[in-house]
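This briefing sets out structural points to be read alongside the sequence and coordinates. It begins with a single loop residue and then turns to topics in groups.

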Amino acid sequence: MTPKKIITVALLVTALGIGYYSMNAAPVLSDESHTYHGDTTWGTDVEGAMETAESEDKPVLVYFWTTWCTYCEDYNDNAYVDPDVHDRLDEFVLLAVNLDDGSPEAKQLQQRYNANYPPQHAAITPDGELLMEINGYAETDSFIAYLEEALTEWENR
Amino acid sequence: MIGTALLSGATLTGLVATLLLFRGYLRRDDAYATAVVPLIGTTGALLVVALGYLTYQFVVTDYTNAYVWNNTANYIPLLYRVTGVYAGNEGSILLWASLTAVVAFWAARRRGIGSPDAKLVQGLTVGIATYFAAMLLVDSPFTDIAAEFPEMNEGYVPLDGTGLNPLLIDPYMAIHPPIMFIGYALMTMPFAIGVAHFVSTIRGDGGIFGDWIGSITRWLRASWLFLTAAIVLGSLWSYRVLGWGGIWAWDPVETAVLIPWIFLTATLHAVMNYRSRSTYATLAPAMTATTLALVVYATAIVRSGVFRSVHSFADDGIGFALLLLLAVTTILGIGLPLGYWLLREPDASSGESGPWISRPNLLHLAVLGIGLLGFVSVWGLTFPVLNTYITGMEVEVTDTYYNMWSYPILLGILLTLGFYMDYDVEGRRRALLSLSAFTAATLVAALIAPTEAWMLTDTGPNDALFYRLIGDASVLSLLPPVAYVTLTVLKRALELIPGSPNRHYQFKQVGIAMIHVGFAILVVTVALSYLFTAQSSVIVSDARQEAELNDAPVHDVPDSAYAVQVDDYREYQRPADPDVRDVALSVEEVTARGESIHETAQPVYGTVTEINQGPEATIVQLDDSPIWLGVVGEGQESVDVSEGDQVVGVGFVMWDYLPDMSRTDAVVVAEPGNVGPVTNPPEAVDQTRVEGSAVGLTVYEGGDPIGSGSAGQEQYRQQGDMEVRDVFVDRGLAHDTYVIAAVDDGTASLTIRQIPLMNLMRASTVVLLTGMLVVLLFDPAYGLARAWSRRTDQPNAAEAETPSDD
């Protein structure tokens, strides 16, 4: 083995190591029926969420996101780890729609609530009536205010 | 028609040229050689003319072309009409195809196609250009507008286009794509030479890399120059476009462009290390051949919709064609050399292991290190897709992944670079000593973080150990390697340059020094400007009123040295002065189109000359003509217009609708909501494209005014209400001041960022680019200056090029 070959093998092994390690260390965003954002867990099954909302008599909060959106990461780092936000989110059935997910249900929701870019939130009734929407990123304070507004809307309905 | 004819012609001539070249290569004769160069020239000319014709259609807004209709609109100014040409896939590919064909023609003219090797190289290059042209026949940028409106009668032409993607309405975006495609097109030649080398080697002809090393070096350097410039321009654009997170955010598309750039950089170092058949006999040609595959990989990712990101403004069938091209280039570029290496590469001279520290070994380490850096980016794009495919779980790739892996590799590369430069002039012993000193300094500096802001990234307990370890390191660790590189590069330059009698050699060494120092400074400024960006905000609730005052109040921005004053408030729309003729037909036009528009919905306008009100309908006469505009609807029989008003409406053109009324040839029957005065038209013919609001600001820092300008946002009403922010940037010596304004209903909510070292960063990219330009021109062995002057002295001398020592 010449030094050159030894260096080559060493760096190939490093590359494989990086590949293996990073694949295992990457935060899980979703499994079969959920996605994870910050400390929150969101359903991904559109019909299921609507049915749950119907039976529990709760509004649905739809979160439109993508894996590459930096503002979504801001939500993960700020709003979705905040206990005050969690308190409000408990009042909703949470439904996350990955804008890159090509399923027809996701497309439909996307069109219906005009979600052209991430991140967007829409609070809706189980029938799909819009209560409130947030286009883009909202700081945690105003995010809470928006959620409050949706809940008031829901109570008054 | 003209466009399709041009593309067909280009495909045909390109195909014939390719076939003749391969035939000539296989049979080793020159039977049709005289026809080939003119054929390549014709292909290039036809593609360039097609591109020019498409541009012309854009400039005159010829909406008979569906692609033009999709990518521009009447209100868009000339510059952005031109840039609409490459707003979509088809136009971009046409640009790429034209440039590739021009490169092929240039190479064929300069180098000739006399030798079989040249025929093979040219055959591959022209083949790629032809493939692009054929792709365009399938997905044409000259598709007839009828394809967009199958329900309309033949000959229907819309009066206005749908508009250009708002993100592309930016001066940087006007030049970024052409420069990038020039870089890509230039890479076609090294690809062809690399592949031809392996074909030639496998066929037992001994390979061509050694003979063509000069050409390869020049093509690679030129494409590196353009690609670097393109990335710099793209970053400057993303810096101004909010939501893209500053100059670099590891968006899939940004990463996809970085990959070929990193790999090209590694290839340049590999080619430097090539010594005919002894050293790098496989690796250098293989890497050369792979560059284009990576370009296609990048483009496929951007355009095929594998990753949907902000860039995917145009994804359709071309994605598949690109994936096919990707497969072919991967097989030729990676499969072929790897196969050769596995099966045919002769064993290296046995028994001799040689010293560990030598220039070739260090260059090899550099190539591998840069390759590893590229791997991090390739893997970051690839493994989420792989993971979802295998396990069904979706994982997240954040900038933490890219930054935390790239950072230590980058430190290693910088230390290696410093050592190489030092070793080159100081010798082994002293170089090893200084390497140990700087490595130790790097490790110590990694532990010194004065405040949390100095740490590379915020990590939580849930993050992987490696990310926490690197994330907690201090950015100070970057300074010793950067200082090491700067010092050793300058020392080497001072050692080599003054003593040399060769002017071109001196130039080249200056260029080499500029590139490496420029890069080191770029790295440190990017890292520091990201970590030390400070942000603060203030709300000016009475911005509209304050703008009117002569002596507007100055608002302090909390937690910063800044203060702002609002001196202007604007709400505007584009087009500023809409012309109803752009969206509606006059009575003359309705008459001229006659029966052909019978029972079709058409917009019309005119001055009301008579009103005839009936029990369930109102009809108004337009311009004293036999064309009337009618409003029909129960309970809606009256319309709010009076004689002399200019009105516009959309309705169905009905000839002989009221046969009893002699002066009535046609009535345009409209719903009540679809008729209105020109000054306040119904929504269907409302031309407002953009609604903007902005404030004019004077920004103070520490009490002194540092600059004034405007900031605000624009909403594109007909493009999904997409919002684009216009930021105000003041370029200060030590830091940029970057103001974002959300302006709404008289209130301005301002966010001010202080971004350090931006000017140093800009300067470092200029140094980097200038350095490469100098090397490209003046390299004594392979420089353009020498190649050109020699060409005029003695033709064919390029065949006799020999690899030099540096």
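B:Y32 counts as partly exposed because it has 15 C-beta neighbours inside 10 Å, a count that falls short of the 20 required for a buried residue. This residue belongs to the loop between α1 (2-27) and α2 (33-59) of chain B. The model is predicted, and the predictor assigns the complex an ipTM of 0.77 and a pTM of 0.83.

**Surroundings of B:Y32 and helix α1(B)**

- Once its neighbours within four places in sequence are set aside, B:Y32 is in contact with B:L20 and B:G24.
- B:L21 lies 11 residues from B:Y32 along the chain, and the C-alpha atoms of the two are separated by 8.6 Å.
- The 26 residues of α1(B) should span 38 Å at 1.5 Å a residue, and the 37 Å between its end C-alpha atoms agrees with this.
- B:R28, just after α1(B), has a positive phi of about 55°.

**Overall organisation of chain B**

- Chain B contains 21 helices and 16 strands.
- Of the 806 residues in chain B, 49% are buried.
- Among contacts in chain B with a separation of 6 or more, 71% are between residues 24 or more positions apart.

**Nonpolar cores and a buried helix**

- The largest nonpolar core comprises 213 residues, and B:A97, B:F132 and B:V695 have the most contacts inside it.
- Helix α8 (residues 209-240) of chain B supplies the largest share of this core, with 18 residues.
- A second, separate core has 32 residues, among them A:W42, A:Y63, A:V97 and A:L109.
- Beyond its neighbours within four places in sequence, B:A97 is in contact with B:L47, B:A129, B:F132, B:A133 and B:L136.
- Helix α9 (residues 252-272) of chain B is largely enclosed by the rest of the structure, because 19 of its 21 residues are buried.
- From first C-alpha to last, α9(B) reaches 31 Å, close to the 30 Å expected at 1.5 Å a residue.

**Strand β7(B) and its partners**

- Strand β7 (residues 627-632) of chain B is mostly covered, with five of its six residues buried.
- Strand β6 (residues 617-622) of chain B runs antiparallel to β7(B) and is joined to it by five bridges; B:T618 stands opposite B:V631 in this pairing.
- Strand β9 (residues 666-670) of chain B runs parallel to β7(B), again with five bridges; here B:G630 stands opposite B:V669.
- Four residues lie between the strands of the β6(B) and β7(B) hairpin, in which B:D623 takes a positive phi near 50°.
- B:D624, in the loop between β6 and β7 of chain B, has a positive phi of about 60° although it is not a glycine.
- B:D624 counts as partly exposed because it has 13 C-beta neighbours inside 10 Å.

**A four-stranded open sheet**

- In chain B, four strands form an open sheet in the order β2-β16-β15-β14, with antiparallel pairing.
- β2 (534-540) and β14 (728-731) of chain B stand at the edges with a single partner strand each, so one side of each is left without a neighbour in the sheet.
- Neighbouring strands of this sheet are turned by 15° against each other on average, direction ignored.
- Four bridges connect β14(B) with the antiparallel strand β15 (residues 735-744) of chain B; B:F728 has B:V739 as its bridge partner.

**Other backbone features**

- The peptide bond from B:R574 to B:P575 is cis, with omega near -5°.
- B:P575 is located in the loop between β4 (562-574) and α19 (587-593) of chain B.
- A:N114, a residue other than glycine, has a positive phi near 55°; its position is in the loop between α5 (104-112) and β6 (120-124) of chain A.
- A:N114 is partly exposed because 14 other C-beta atoms lie within 10 Å.

**Confidence in chain B**

- The average pLDDT of chain B is 85, and 88% of the residues score at least 70.
- Among the elements of chain B, the lowest mean pLDDT (63) belongs to helix α11 (residues 318-343) and the highest (96) to helix α20 (residues 758-778).
- Residues 307-317 of chain B stay under a pLDDT of 50, and the model has 24 contacts for them beyond four places in sequence.
- The pLDDT is also below 50 over residues 794-806 of chain B, a stretch with 14 contacts in the model beyond near neighbours in sequence.

Terms used: Residues are numbered from 1 along each chain as its sequence is written. Chains are lettered from A and ligands numbered from 1 in the order in which they are written. This is a predicted model: local features need pLDDT of at least 70, side-chain atom pairs count only at pLDDT 80 or more; totals for chains, interfaces and linings use all residues. Helices (H or I, at least four residues) and strands (E, at least two) are DSSP runs, numbered from the N terminus. A residue is buried if 20 or more other C-beta atoms lie within 10 Å of its own, exposed if 12 or fewer, and partly exposed in between; C-beta atoms are placed from the backbone. Two residues are in contact if their C-beta atoms, placed from the backbone, lie within 7 Å. Two strands pair if DSSP finds at least two bridges between them. The expected span of a helix is 1.5 Å times one less than its number of residues. A nonpolar core is a set of buried Ala, Val, Leu, Ile, Met, Phe, Trp, Tyr and Cys residues joined through C-beta atoms within 7 Å. Axes are lines fitted to C-alpha atoms, for helices over the stretch in contact, and angles run from 0 to 180 degrees between N-to-C directions. pLDDT is the predictor's confidence in each residue, from 0 to 100.
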